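Got a minute to poke around a model together? Here it is, and then we can go through it question by question.

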Amino acid sequence: MENNLENMVIPQHVALILDGNGRWAKKRGLPRTMGHKEGCVTVEKTVEIAARMGIRYLTVYGFSTENWKRSAEEVGALMQLFRFYMVRLLKIAKANNVRVKMIGERSRFDKDIVEGINRLERETKDNTGLTFVIAVNYGGRDEIVRAARKMAEDVKEGKLDPKDLTEASFASYLDTADMPDPDLLIRTSGELRLSNYLLWQLAYTELYVTDCLWPDFSKEELEKAIIAYNSRDRRFGGVKEK
Ligand code: IPE
Ligand code: IPE
Ligand code: MG
């Protein structure tokens with residue numbers, strides 16, 4: 001156990017909005033893509049740190065359904081980084097007993113990227129440590145609409161009775177089926193919004209925003225967020241008994 005976290009409850013599921021790569025680069029007079037490259041290094045480090053801390057699920061927002069609006073140059077550079085870091089991630093996952101999963105609508109990516117994603121999931125599926133979830137071409141609204149469409153198809157085919165539509169059965173149609181909801185959401189770079197992230201799953205998640213830009217995120221920053229999480233009083237709509 002890390003010293004700074006002695007007697008602390010480690011959240012089971014931490015969700016991350018890794019924001020600020022562009023601002024990090026701008027501050028240094030570098031192109032935005034250099035910020036993304038440095039951000040990928042920080043993702044690798046964070047996976048290892050989270051695995052060692054005993055976090056069970058780490059879900060990071062890598063590319064949103066809205067990020068396609070960026071310039072062709074930036075989107076292209078991000079795709080190249082995915083290609084490169086997917087290979088490195090496979091090694092890191094194997095070395096750290098990490099299971100990798102992707103959420104989002106992957107069919108919009110080039111074929112080789114889709115194959116890389118499938119391979120990462122396939123070759124790490126039996127690992128028993130941290131589950132590292134990457135949200136790519138992910139949007140909370142898109143996920144909910146895709147789930148509703150699948151459900152409607154099952155009803156049409158007679159596989160599902162609308163009477164059996166419950167919160168739990170609906171959640172089983174989401175990309176995050178079988179995953180617990182996040183306990184803690186960390187957003188870097190100071191923005192106070194969800195940007196279409198895990199809209200269903202964050203219903204009772206504790207929110208933590210830091211001004212730290214993503215490439216500068218570190219073990220100390222993660223510890224600060226976990227310490228803040230430990231000071232929260234989670235009531236889930238109830239009343240806490242004294
Ligand atoms: C987050 O950094 C990475 C992605 C959204 C892909 P940004 O690229 O959003 O960085 P800022 O917000 O412009 O600083
Ligand atoms: C959220 O960051 C998406 C990811 C981190 C992948 P954005 O930079 O896209 O969000 P906005 O535009 O500030 O809301
Ligand atoms: Mg941003």
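What follows is a set of questions and answers on this predicted model, covering its ligands and a handful of residues.

Q: Which pocket does ligand 1 sit in?
A: A molecule counts as sitting in a pocket if more than half of its atoms lie within 2 Å of the pocket's grid points. Ligand 1 passes that test, and the pocket in question is the largest pocket.

Q: Which helix gives the largest share of the shell around ligand 1?
A: The shell takes in Leu18, Asp19, Gly20, Asn21, Gly22, Arg23, Arg32, His36, Gly62, Asn67 and Arg70. Two helices, helix 1 (21–27) and helix 2 (32–53), each put in at least two residues. The largest share is three residues, and it comes from helix 1.

Q: How much of the accessible area of ligand 1 does the protein cover?
A: Start with the polar atoms around ligand 1: a side-chain N or O atom of Asp19 is 2.9 Å from one of the ligand's oxygen atoms. A backbone N or O atom of Gly22 is also placed 2.9 Å from an oxygen of ligand 1, and a polar side-chain atom of Arg32 lies 2.9 Å from a ligand 1 oxygen. On its own, ligand 1 has 380 Å² of accessible area, and the share covered by the protein is 86%.

Q: Which strand supplies the largest share of the shell around ligand 2?
A: Around ligand 2 you'll find Ile17, Leu18, Asp19, Tyr61, Gly62, Phe63, Ser64, Asn67, Arg70, Arg187, Arg193 and Ser195. The space that ligand 2 takes up is the largest pocket. Four residues make up the largest share of the shell, and they belong to strand 2 (residues 57–64).

Q: How much of the accessible area of ligand 2 is covered by the protein?
A: Side chains reach ligand 2 with polar atoms: Ser195 has one 2.6 Å from a ligand oxygen, and Arg193 has one 2.8 Å from a ligand oxygen. In the side chain of Asp19, an N or O atom is 3.2 Å from an oxygen of ligand 2. Taken alone, ligand 2 has 390 Å² of accessible area, of which the protein covers 79%.

Q: Is Thr210 buried or exposed?
A: Thr210 is in the loop between strand 6 (206–209) and helix 7 (219–230). Leaving out residues up to four places away in sequence, Thr210 touches Ile186, Arg187, Thr188, Ser189, Gly190 and Glu221. Its relative accessible area is 9%, and the cut-off for this class is under 20%, so Thr210 is buried.

Q: Which residue's side chain makes a polar contact with the side chain of Thr210?
A: A polar contact needs a pair of N or O atoms within 3.5 Å. The side chain of Thr210 has a partner at 3.4 Å, and that partner is the side chain of Glu221.

Q: Is Thr128 buried or exposed?
A: Look in the loop between helix 4 (111–124) and strand 4 (131–138) to find Thr128. With residues up to four places away not counted, Thr128 touches Arg56 and Asn97, and its side chain makes a polar contact of 2.9 Å with the side chain of Asn97. Its relative accessibility is 56%, and the cut-off is over 50%, so Thr128 counts as exposed.

Q: Why does the phi of Asn137 stand out?
A: Most residues other than glycine have a negative phi. Asn137 is found in strand 4 and counts as buried, at 4% relative accessibility. Although Asn137 is not a glycine, its phi is positive, at about 45 degrees.

Q: What is the phi of Asp178?
A: Asp178 is in the loop between helix 6 (167–171) and strand 5 (184–187). Its relative accessible area of 79% makes Asp178 exposed. Asp178 is not a glycine, yet its phi is positive, at about 75 degrees.

Q: Is Met102 buried or exposed?
A: Met102 lies in strand 3 (residues 99–103). Setting aside neighbours within four places in sequence, Met102 is in contact with Ile117, Leu120, Glu121, Ile134 and Val136. At 9% relative accessibility, Met102 counts as buried.

Terms used: Residues are numbered from 1 along each chain as its sequence is written. Chains are lettered from A and ligands numbered from 1 in the order in which they are written. This is a predicted model: local features need pLDDT of at least 70, side-chain atom pairs count only at pLDDT 80 or more; totals for chains, interfaces and linings use all residues. Side-chain values use heavy atoms; hydrogens and water are left out. Buried means under 20% relative accessible area, exposed over 50%, partly exposed in between (1.4 Å probe, protein chains only). A polar contact is a pair of N or O atoms within 3.5 Å; within protein, one must be able to donate a hydrogen and the other to accept it, and residues adjacent in sequence count only if both atoms are side-chain atoms. Contact means heavy atoms within 4.5 Å. A residue is near a molecule or strand if one of its heavy atoms lies within 4 Å of it. Accessible areas come from the Shrake-Rupley method with a 1.4 Å probe; for residues, only the protein chains shown count as cover. On a 1 Å grid over the protein atoms alone, a cavity is a set of points where a 1.4 Å probe fits but cannot get out, and a pocket is an open set with protein on both sides within 12 Å along at least five of seven lines; lining residues have an atom within 4 Å of a point.
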